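User: Could you take a close look at the salt bridges here and walk me through them?

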Amino acid sequence: MSALTALVRKDLILYLSNRRALLISLLMPIVLGAFFGYLFGGSGAVSNGKIDIALVQLDDSGTSQKIAAGLKADSALNVQELPLAAAQDKVRHGKLSVAVVLPAGFGVAAKNAFFGGHDKPEIPVYYDPSQQAVLAMVKGMLTQYVMQNVSAEMFDIKATDSYLNTSIDALQRNATQNPDLLKMLSSIKEYQSRAAKKAESGADQPAVQPEQAGLSVPYSTSDQALTSGLQKYNGYAHAFAGMSVQFILFMGIDAGIAVLLWRRMGLWNRLLAAPITLNTVLLARALSSAIIAFVILCVIFLFAMLVLNVQIAGSLPGFIGVGICFALVTASFGLLVAAFGKTPEAARGLAMFATLIMVMLGGAWVPTFLFPQWLQTATLVVPTRWAVDGLDAMTWRGLGFEAALPAMAALLGFTALFGVLAVWRFRRDALKE
């Protein structure tokens, strides 16, 4: 029993003595738990995150102006009033979630359709197909403000008289079509006549509420998902982009750890003793890692295309360009791990922690449109965000080669940063030796 106790005690002491591993073991679940908890509601406090939408105002009626004002004042929305083409372009590129168009004549048409329910005006709604849940939320808010403002005007005695007369006349021409509605509107007309007389005498009269009258929404929507490609949105495309980025970075970590193992076994010094320069050794290691990373990416997406109908709906050269640039980031990240890691065990823990943070913030696990606006902006400083967005743009978004250029430029910038830091550290260590 004493031997068992001694062995258990030894394992506990060894584990607790590795403070870095202990810190990572405690910190990782805390960081991930806090992050996802914050995204999905936190402690119940009101979130400051807003849904970014565009409003295209083509109707100058008072009703439409009030609807627009209600949407802009809503605490859950961040409304940008834009021309139609600009709004569609922003939704297509994933910069806005939804674009709502209030067409010309909407205010008058909505009031005409309020009682009869016929000839409802149509509100075009353009949306990012990856954000179905956001679309439902925005349509619910739109219904709220349309009903609130149209009903307020229609049950205003002074404003609604002509609309009532028009609806009653139309129903009377075909009394068998909807006799119950004709009876209800006639009663409302009679009610308003009595209310007007009482108002003249100074008596108060309760207003008629639309829900009491059993009225329907006086408009319909035409929902259109916006992408630049001919293919419909495929959720597997984003999922495979995120998982490819994550596990290719894990491969980069393994490449860096291998260098640390070579150092431990003396193979690294033997390699440097050969008639080749340090730069040649590092470049060869980086190129081999980049080739492996790019091949892995291609094989993963080939499977997705053959089995799950994922399509490169955008630019094939753009997809290849983003893939190559991310492969270079992976290679330089592996060199960075090897350059700054002291031991394979410690370096692996820190590198895994850094990778999971980058993947988490880059939108590989949860799409970045669910992030608060401040966090969406902050994640632009991590390479994974550019890689995932670039792959999305070239696959299901169906964007052209020009849309891949920002992602490629950013990824090359991270490659240069990681590479310069790694080479500097390797040279400094070589001078010490």
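Analyst: Sure, starting with the term itself: a salt bridge is a side-chain nitrogen of Lys or Arg within 4 Å of a carboxyl oxygen of Asp or Glu. This is a predicted model, where local features need pLDDT of at least 70, side-chain atom pairs count only at pLDDT 80 or more, and totals for chains, interfaces and linings use all residues. Residues are numbered from 1 along each chain as its sequence is written, and side-chain values use heavy atoms, with hydrogens and water left out.

One spot to look at is a network of salt bridges that links Arg263, Arg425 and Asp429. Searching the whole structure turns up eight salt bridges.

Now for some pairs. Lys139 and Asp223 form a salt bridge, with their closest N and O atoms 2.6 Å apart. Lys139 sits in helix α6 (residues 132-154) and Asp223 in strand β5 (residues 220-225), so this pair ties together parts that are 84 residues apart in sequence. Helices (H or I, at least four residues) and strands (E, at least two) are DSSP runs, numbered from the N terminus.

Arg348 and Asp254 also meet through their side chains, at 3.1 Å from N to O. Here Arg348 belongs to helix α14 (residues 344-361) and Asp254 to helix α10 (residues 235-265), so the pair ties together parts 94 residues apart in sequence. Arg348 is partly exposed at 36% relative accessible area; so is Asp254, at 41%. For that label, buried means under 20% relative accessible area, exposed over 50%, and partly exposed in between (1.4 Å probe, protein chains only).

Lastly, Lys72 bridges to Glu81, with the closest N and O atoms 2.4 Å apart. Lys72 is partly exposed at 42% relative accessibility, and Glu81 is partly exposed at 44%.
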